[in-house]
Amino acid sequence: MKQAELLRKIPKVDVVIGWMTDAGYIRVPPLPPETEAVQETLQLLREEILSGIRTELPEKEATMELVRQTIRRKTAPNLRRVINATGIVLHTNMGRAPLGERAVAAIVDVAQNYSNLEYDIDAHTRGSRHTHVEQLIARLTGAESAMVVNNNAAAMLLILNTMAKGRKVLISRGELVEIGDSFRIPAIIELSGCLLSEVGTTNKTHLRDFENAIDPEQTAALLKVHTSNFRIVGFSETPSVTQLAQIGAKYGLPVIFDAGSGMMADLQQYGIQDEPLVSRCIAEGADIVCFSGDKLLGGPQAGVIAGKKAWIDAMKKNQLARPLRIDKLTLAALEATLRAYLEGTEARDIPTLRMISERWDTLADKAETLRKLIRENARECKVEVIKEFGQVGGGAVPGQMLSTYVVSLQPEKISVSELEARIRRGEPPIVARISKDQLMLDVRTLNEADFPYIAAQISDSLRV
Ligand SMILES: *Cc1c(COP(=O)(O)O)cnc(C)c1O
């Protein structure tokens, strides 16, 4: 059929609304989103005909099904789950760490009931929300004391404001980083009321640069920031925590370390290199270490601060602690996450660690299972399992690549980008990447429970 004729034959909005009300799919009169869904579906058909993707009109039943999908999409919550087929375990744009059952159960319990958030049950007096995780963090990191705030950026703000307000903070030029969505260390230093004092050069900062920059009247702290999202390689040097701690001790200055990701269990055996282990940073002499709750720790969004008790006590008393405080649901999830580490069940209870430590042969089996399932349903598409490299984190632990298995799709009748767009519009959306003109589904970040849905969605999407 010619394009012009196809366009003419697209049913009118009122006709489709009639079909839908007759079938009992929408009410009379239709709700605004229902009418909009009909309009949008017909508009999409028009566009697909014009772009040549569609060469015949769907039958009445199929048209109604398309409208129903659009209604479902329009009435679904805006913030909702997506299926992450990118293989990026800590995806900045997809909510970073997903929580395990144990953390979710803790949230539900505290959310549905009253709790002892700020109530000391034994003493029958007012308690502090900090007590719930303080000992756990101290035990896991070897620090004297700890507290938790909204996120790591908030942690930095509170630390600097408490420890160095109105005075100088020394930091290597190579560590004046921007992390993710325009979170800039220099801006945070300024916001917290401190004076930034840059030391050394971009690629080389020696310990003597720090020593020479110390101003006995004005310098309040030595700051080290983990360069989470880039590496300076080649001719480069920056003082270690140990070295800074030596200088700090000599001049009576505290050392603050923003560790970024907060690696609590050593993940080197799984290919995570160059990420500071929190307990090691404390052992090496950092006075205060801070890190995110939802990066390698695998918990909820939070900023964990661990270190010397005198400093932590001062931070708790800072007025900023209130606006930056952590809420009870987050606290519940964080406590459950930390308890998993303490009990040695982190690789089982924490999805982030489970995905990172997934065995090579398990990934291969998983990919083969998905390939077969897609193969059974999908026509006119090449489906293969291939070995690839996947990222740990987009913005969270970037540059760290893990070998992985992906199911690669090469559709024959529609373009790869069309297939990508169609599965992305599913409910839930499937987010995958295109590489070498193939659609790649990385099984590391997929749940097997979602495989039947993924296979069905691909099968539907391949239909011309
Ligand atoms: C991610 C990161 C931050 C910001 O942490 P949020 O928890 O996202 O606020 C700060 N510093 C470093 C080094 C980071 O890697």
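**A four-strand sheet, a seven-strand sheet and a ligand site**

Four strands, in the order E14-E16-E19-E18, make an open sheet with antiparallel pairing. At its edges stand E14 and E18, each of which pairs on one side only. Neighbouring strands here are turned by 40 degrees against each other on average, direction ignored. This is a predicted model.

Take the E18 edge next. E18 and E19 run antiparallel and are joined by three bridges. Within this pair, Ile434 has Leu439 of E19 as its bridge partner. Between strand E18 (433-435) and strand E19 (438-442) there is a loop, and Asp437 sits in it. Asp437 is not a glycine, yet it has a positive phi of about 60 degrees. Most residues other than glycine have a negative phi. Is Asp437 buried or exposed? Asp437 is exposed, because its relative accessible area is 56%, and the cut-off for exposed is over 50%.

A second residue of this kind belongs to the approach to E14. Glu380 is also not a glycine, and its phi is positive, at about 55 degrees. Its place is the loop between helix H16 (360-377) and strand E14 (381-391). Glu380 has a relative accessibility of 38%, so it counts as partly exposed.

Now turn to the helix that lies on this sheet. H17 crosses strand E16 (401-411), E18 and E19, and it runs at about 40 degrees to E19. How many of the nine residues of H17 are buried? Seven are, and the helix is mostly covered. The buried residues are Val416, Glu418, Leu419, Glu420, Ala421, Arg422 and Ile423. Charged residue names appear in that list beside Val416, Leu419, Ala421 and Ile423: Glu418, Glu420 and Arg422. What do these buried residues pack against? Their partners are H3, E16, E17, E18, E19 and helix H18 (451-462).

Just beyond H17 comes a cis peptide bond. The bond from Glu427 to Pro428 has an omega near 5 degrees. Pro428 lies in the loop that links helix H17 (416-424) to strand E17 (430-431). Another cis bond joins Val28 to Pro29, with omega near -10 degrees. Pro29 is found in the loop from helix H2 (13-22) to helix H3 (32-50). H3 is also one of the elements that the buried residues of H17 pack against. Most peptide bonds are trans.

The other sheet to follow has seven strands. It is open, its pairing is mixed, and its order is E5-E13-E12-E11-E10-E6-E9. Strand E5 (145-149) and strand E9 (195-199) are the edges, and each pairs on one side only. From one strand to the next, the twist averages 25 degrees. Inside the sheet, strand E10 (residues 219-225) pairs with E11 in the parallel sense, over four bridges. Leu222 stands opposite Val255 in E11. Helix H12 (residues 309-317) lies across E5, strand E12 (288-292) and strand E13 (303-307). H12 runs at about 30 degrees to E5.

E11 leads on to the ligand. Which residues are closest to the ligand? Of the 13 residues that surround it, the closest are Arg96, Ser228, Asp258, Ser292 and Lys295. Three polar approaches show how the ligand is held in the model's geometry. Asp258 places a polar side-chain atom 2.6 Å from a nitrogen atom of the ligand. Ser292 has a polar side-chain atom 2.7 Å from an oxygen atom of the ligand. Ala153 uses its backbone: a polar atom there is 2.9 Å from a ligand oxygen. On its own the ligand has 390 Å² of accessible area, and the protein covers 94% of that. Helix H7 (152-164) and strand E11 (255-260) are the elements that give two or more residues to the shell.

Step back to the whole chain. The protein has 18 helices and 19 strands. Its C-alpha trace spans about 85 × 60 × 40 Å along the principal axes. Of its 464 residues, 49% are buried. Among contacts with a separation of 6 or more, 75% are between residues 24 or more positions apart. The protein exposes about 22200 Å², and carbon and sulfur atoms supply 49% of that area.

Notes. Residues are numbered from 1 along each chain as its sequence is written. This is a predicted model: local features need pLDDT of at least 70, side-chain atom pairs count only at pLDDT 80 or more; totals for chains, interfaces and linings use all residues. Side-chain values use heavy atoms; hydrogens and water are left out. Buried means under 20% relative accessible area, exposed over 50%, partly exposed in between (1.4 Å probe, protein chains only). Two strands pair if DSSP finds at least two bridges between them. Axes are lines fitted to C-alpha atoms, for helices over the stretch in contact, and angles run from 0 to 180 degrees between N-to-C directions. Contact means heavy atoms within 4.5 Å. A residue is near a molecule or strand if one of its heavy atoms lies within 4 Å of it. A polar contact is a pair of N or O atoms within 3.5 Å; within protein, one must be able to donate a hydrogen and the other to accept it, and residues adjacent in sequence count only if both atoms are side-chain atoms. Accessible areas come from the Shrake-Rupley method with a 1.4 Å probe; for residues, only the protein chains shown count as cover.
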